[in-house]
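Student: Please take a close look at the nonpolar interior of this model and at the charged pairs that accompany it.

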Amino acid sequence: MSHHPLFISGLDLADMVVNSGLLELSCGAIKDLQIETSSDQQGSCSLSLRYKLDKKSKYTLIAFTTSAVSRKELIRLGGDLVSSNTLKELGLPIFDFLCTERNRSFSIHRGAITLFKAHFKELSQLKTQIHDLKTGELLRTPLIVTGHSIGGSDSDKQY
């Protein structure tokens, strides 16, 4: 019986991502979500989070983004990293699945943790949407999680 990891990252996936069209798919979902967010008044409140769940036959995609106001507020609150040990001390062991035999600890951006805590109930409901309604098991299609800024890779920081 082969063992498939629950979480994979790194250079071993680079070729697959570049050649599969995932980058185009991911960028398109983020762009669509940002257009919705910029035209929506909800994006003007502090610590807003928007996401879009798209179930296709070959994959399930979840894209995340935040408003410009939220990005600035979260960066102002602190852009340092929170270690997995600190998360446990704060009572957030929900991220323990990121630990593996090779990767025994990790860190997450403090702003992302703040955003997660502010939207925990909503995100918990999202988790139920990626399960099969009949069996209760995770969907069999690959799950692609993507995002921009504090919703993803926080690439547009300004200090």
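Tutor: The account below turns from the interior to the salt bridges. This is a predicted model, in which local features need pLDDT of at least 70, side-chain atom pairs count only at pLDDT 80 or more, and totals for chains, interfaces and linings use all residues. Residues are numbered from 1 along each chain as its sequence is written, and side-chain values use heavy atoms, with hydrogens and water left out.

A nonpolar core is a set of buried Ala, Val, Leu, Ile, Met, Phe, Trp, Tyr and Cys residues joined through side-chain atoms within 4.5 Å; buried means under 20% relative accessible area, exposed over 50%, and partly exposed in between (1.4 Å probe, protein chains only). The largest such core has 17 residues, and Phe64, Leu87, Phe95, Phe106, Ile108, Ile113 and Leu123 touch the most other members. At least two residues each come from β2 (60–65), α5 (110–118) and α6 (120–129), helices (H or I, at least four residues) and strands (E, at least two) being DSSP runs numbered from the N terminus. Helix α5 gives the largest share, three residues.

Beyond its neighbours within four places in sequence, Ile108 is in contact (heavy atoms within 4.5 Å) with Asp80, Leu81, Val82, Leu87, Phe95, Leu98 and Ile113. A second, separate core of seven residues includes Leu22, Ala29, Tyr59 and Leu61.

Asp80 also forms a salt bridge with Arg110 (2.8 Å, N to O), a term for a side-chain nitrogen of Lys or Arg within 4 Å of a carboxyl oxygen of Asp or Glu. This pair links distant parts of the chain, 30 residues apart: Asp80 lies in the loop between α3 (68–77) and β3 (81–83), Arg110 in helix α5. Asp80 is partly exposed at 37% relative accessibility, as is Arg110 at 31%. The structure holds two salt bridges; Glu101 and Arg104 also form one, with their closest N and O atoms 2.7 Å apart, and both residues are exposed.
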